[in-house]
Amino acid sequence: MNWDTVKGKWKQTTGSAKAQWGKLTDDELTQIEGNRDKLIGKVQEKYGLAKEEAEKQVDTWAKSI
């Protein structure tokens, strides 16, 4: 799924994101609003990942939804 679609369907995809990254709170997911860079930053922060690894996880997730 491309990021325009993810952003447009963000409310529907937050459940999938929460399942993928359980450490993300509902408030954080609301603040992200489907923004790829914000999601990468939060995943990186919450899980202590390098930016490249967080990008890889987010892109893999987006392709699976």
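These legends walk through close-up views of a predicted model.

**View 1. The shared nonpolar core.**
Let us start in the interior. The largest nonpolar core of this model has 15 residues. Those with the most contacts inside this core are Trp3, Trp10, Trp21, Leu39, Val43, Val58 and Trp61. Helices α1, α2, α3, α4 and α5 each supply at least two residues of the core. Which helix gives the largest share? That is α5, with four residues. As a general background, nonpolar side chains tend to be buried together in soluble globular proteins.

**View 2. Helix α4 and its two faces.**
Helix α4 runs over residues 36–47. Its 12 residues should span 16 Å at 1.5 Å a residue, and the end C-alpha atoms are indeed 16 Å apart. Which residues of α4 are buried? They are Leu39, Ile40 and Val43. These three cover an arc of only 100 degrees around the axis, which means that they sit on the same side of α4. The face turned away from that buried side carries the exposed residues Asp37 and Glu45. Look around the buried residues of α4 and you will find that their cover includes α1 (3–8), α2 (10–20), α3 (26–32) and α5 (51–64).

**View 3. The two ends of α4.**
Here the focus moves to where the helix begins and where it stops. At the N-terminal end of α4, Asn35 acts as a cap. One of its side-chain oxygens lies 2.9 Å from the backbone nitrogen of Asp37. Past the other end, just after α4, comes Gly48, which takes a positive phi of about 65 degrees.

**View 4. Helix α5 from end to end.**
Helix α5 has 14 residues. From its first C-alpha to its last it reaches 20 Å, close to the 20 Å expected at 1.5 Å a residue. Buried in α5 are Ala54, Val58, Trp61 and Ala62. They lie on the same side of α5, because they cover an arc of only 100 degrees around the axis. On the face turned away from the buried side, look for the exposed residues Glu52, Lys56, Lys63 and Ser64. The buried residues of α5 pack against α1, α2 and α4. Val58 is a good place to zoom in: leaving aside its neighbours within four places in sequence, Val58 is in contact with Trp3, Trp21, Arg36, Leu39, Ile40 and Val43.

**View 5. Helix α2 and its buried threonine.**
In α2, the buried residues are Trp10, Thr13 and Ala17. Seen down the axis of α2, they fall within an arc of 65 degrees, so they line one face of the helix. Turned away from this buried side is the face that carries the exposed residues Lys11, Gln12 and Ala19. The partners of the buried residues of α2 are α1, α3, α4 and α5. Is Thr13 buried or exposed? Its relative accessibility is 7%, so Thr13 counts as buried. Not counting residues up to four places away in sequence, Thr13 touches Val6, Trp61 and Ile65.

**View 6. The tryptophan cluster.**
Four tryptophans, Trp3, Trp10, Trp21 and Trp61, form one aromatic cluster. How many aromatic pairs are there in the model? The count comes to three. Among them is the pair of Trp10 and Trp61, which is edge-to-face, with 6.3 Å centre to centre and 80 degrees between the planes. Because Trp10 lies in helix α2 and Trp61 in helix α5, this pair ties together parts that are 51 residues apart in sequence. Both Trp10 and Trp61 are buried.

**View 7. A buried glutamate in α3.**
Glu28 is found in helix α3. With 10% relative accessibility, Glu28 counts as buried. Its side chain makes a polar contact with the side chain of Lys46, at 3.2 Å. Leaving aside neighbours within four places in sequence, Glu28 is in contact with Lys23, Lys42 and Lys46.

**View 8. Asn2, in the segment before α1.**
Our last stop is Asn2, found in the segment before α1. Asn2 is partly exposed, with a relative accessible area of 47%. The side chain of Asn2 reaches the backbone nitrogen of Asp4 at 3.0 Å. The C-alpha atoms of Asn2 and Ile65 are separated by 10.0 Å, although these residues are 63 residues apart along the chain.

Definitions and conventions:
Residues are numbered from 1 along each chain as its sequence is written. This is a predicted model: local features need pLDDT of at least 70, side-chain atom pairs count only at pLDDT 80 or more; totals for chains, interfaces and linings use all residues. Side-chain values use heavy atoms; hydrogens and water are left out. The expected span of a helix is 1.5 Å times one less than its number of residues. Buried means under 20% relative accessible area, exposed over 50%, partly exposed in between (1.4 Å probe, protein chains only). The arc is that of the directions from the helix axis to the C-beta atoms. Contact means heavy atoms within 4.5 Å. A polar contact is a pair of N or O atoms within 3.5 Å; within protein, one must be able to donate a hydrogen and the other to accept it, and residues adjacent in sequence count only if both atoms are side-chain atoms. A nonpolar core is a set of buried Ala, Val, Leu, Ile, Met, Phe, Trp, Tyr and Cys residues joined through side-chain atoms within 4.5 Å. Rings of Phe, Tyr and Trp (its six-membered ring) pair if their centres lie within 6.5 Å; planes under 30 degrees apart count as stacked, over 60 as edge-to-face and the rest as tilted.
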